[in-house]
Amino acid sequence: MELIYLTNFFTDNELLELKSYLKNFTEKKDSTSSPQNEVMKDIPTERAYEAPSIITEYMGRINTYFKLQDIPNIFDKIVSTVKKYHPDYEYFYSTYSRYSPIYGTPSLGPHFDSNLESIITFDMKIGGNTDWPISVENIYLPMEENSVIIFKPAEVVHWRPRKKFYKNEYIDNIFIDFVNKEIKLNTSEDERRKISDEWSNYY
């Protein structure tokens with residue numbers, strides 16, 4: 001399993017710039033509770049930032065796709081870091097997620113992401129007022145503000161521990177995905193689901 005864990009990734013000024021951009025961007029967005037596959041069916045993944053924000057109640061989450069290239073220095077830093085470890089992967093798309101009881105019940109049990117191609121995700125906590133660590137198989141990692149994991153979420157089981165979020169608590173993350181379209185995954189959805197279920201005792 002390939003797993004990179006980094007802390008204090010951005011400078012204070014870079015993190016502030018990223019947060020300011022996301023605040024301005026999300027304030028201009030409409031939102032919908034329609035299923036993600038329905039919202040995205042006519043939008044190419046590379047232009048995901050054109051979609052409305054998507055609320056997923058059973059996960060207690062709102063997802064907003066954004067155009068990372070709008071912040072060139074942030075884009076360059078993330079891309080160069082990921083390509084240092086995975087030079088054969090290319091930038092794909094970016095997601096800003098807020099987990100909060102405002103949107104439902106925050107919950108992320110053991111699962112694989114549902115991509116059919118090999119994906120690298122740059123997963124970073126950029127803010128929040130509570131803690132919610134991540135487990136990648138049997139490796140538990142704290143996710144403090146400005147900490148990052150880089151991993152293959154469609155190829156390894158991962159989850160967040162059960163946690164009750166109180167009324168005003170929230171977690172903000174960005175997920176920056178990179179893809180190698182030459183590598184197709186051989187594991188079926190049913191096989192992934194079975195493996196995820198085998199990890200349920202750890203959840």
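Let me begin with a single residue, Glu-14, which, if we leave aside its neighbours within four places in sequence, is in contact with Phe-9, Asn-73, Ile-74 and Lys-77. Please keep in mind throughout that what we are looking at is a predicted model. Glu-14 has its place in helix H1, and you may wonder whether we should call it buried or exposed. Because the relative accessibility of Glu-14 is 16%, and buried means under 20%, Glu-14 counts as buried.

One of those contacts, Ile-74, takes us to helix H3, where Ile-74 is buried along with Phe-75, Ile-78, Val-79, Thr-81 and Val-82. Where do these buried residues sit around the axis of H3? They cover an arc of only 165 degrees, which means that they lie on the same side of H3. It helps here to recall that an α-helix has 3.6 residues a turn, so residues three or four places apart point the same way. As for the helix itself, H3 runs through residues 72-85, 14 residues in all, and from its first C-alpha to its last it reaches 20 Å, which is close to the 20 Å expected at 1.5 Å a residue. And what covers the buried residues of H3? The cover includes helix H1 (12-27), together with the strands S1 (4-6), S5 (90-99), S6 (117-128), S9 (148-151) and S11 (171-184).

Let me now turn to the pockets. The largest pocket has a volume of about 1,500 Å³, and of the 49 residues that line it, the closest to its centre are Gln-36, Arg-61, Phe-112, Asp-113 and Ser-114. Several elements each supply at least two residues of this lining, among them helix H2 (36-40), strand S3 (53-56), strand S4 (61-66) and helix H4 (189-198). Strand S5, which we met as part of the cover over H3, gives the largest share of the lining of the largest pocket, namely five residues. If we sort the lining of the largest pocket by character, we find 23 nonpolar, 17 polar and nine charged residues.

The second largest pocket holds about 150 Å³ of space, and its lining is made up of Thr-26, Lys-29, Asp-30, Ser-31, Ser-53, Ile-62, Thr-64, Tyr-96, Arg-98 and Tyr-103. Here S4 and S5 each supply at least two residues, and the lining of this second largest pocket divides into three nonpolar, four polar and three charged residues.

To close, S5 is worth following by eye on the structure, since that strand helps to cover the buried residues of H3, and also supplies residues to the lining of the largest pocket and of the second largest pocket.

Terms used:
Residues are numbered from 1 along each chain as its sequence is written. This is a predicted model: local features need pLDDT of at least 70, side-chain atom pairs count only at pLDDT 80 or more; totals for chains, interfaces and linings use all residues. Side-chain values use heavy atoms; hydrogens and water are left out. Helices (H or I, at least four residues) and strands (E, at least two) are DSSP runs, numbered from the N terminus. The expected span of a helix is 1.5 Å times one less than its number of residues. Buried means under 20% relative accessible area, exposed over 50%, partly exposed in between (1.4 Å probe, protein chains only). The arc is that of the directions from the helix axis to the C-beta atoms. Contact means heavy atoms within 4.5 Å. On a 1 Å grid over the protein atoms alone, a cavity is a set of points where a 1.4 Å probe fits but cannot get out, and a pocket is an open set with protein on both sides within 12 Å along at least five of seven lines; lining residues have an atom within 4 Å of a point. Grid points are joined across faces, edges and corners, and a volume is the space filled by probe spheres set on the points. Ala, Val, Leu, Ile, Met, Phe, Trp, Tyr, Cys and Pro count as nonpolar, Asp, Glu, Lys and Arg as charged, and the others, Gly among them, as polar.
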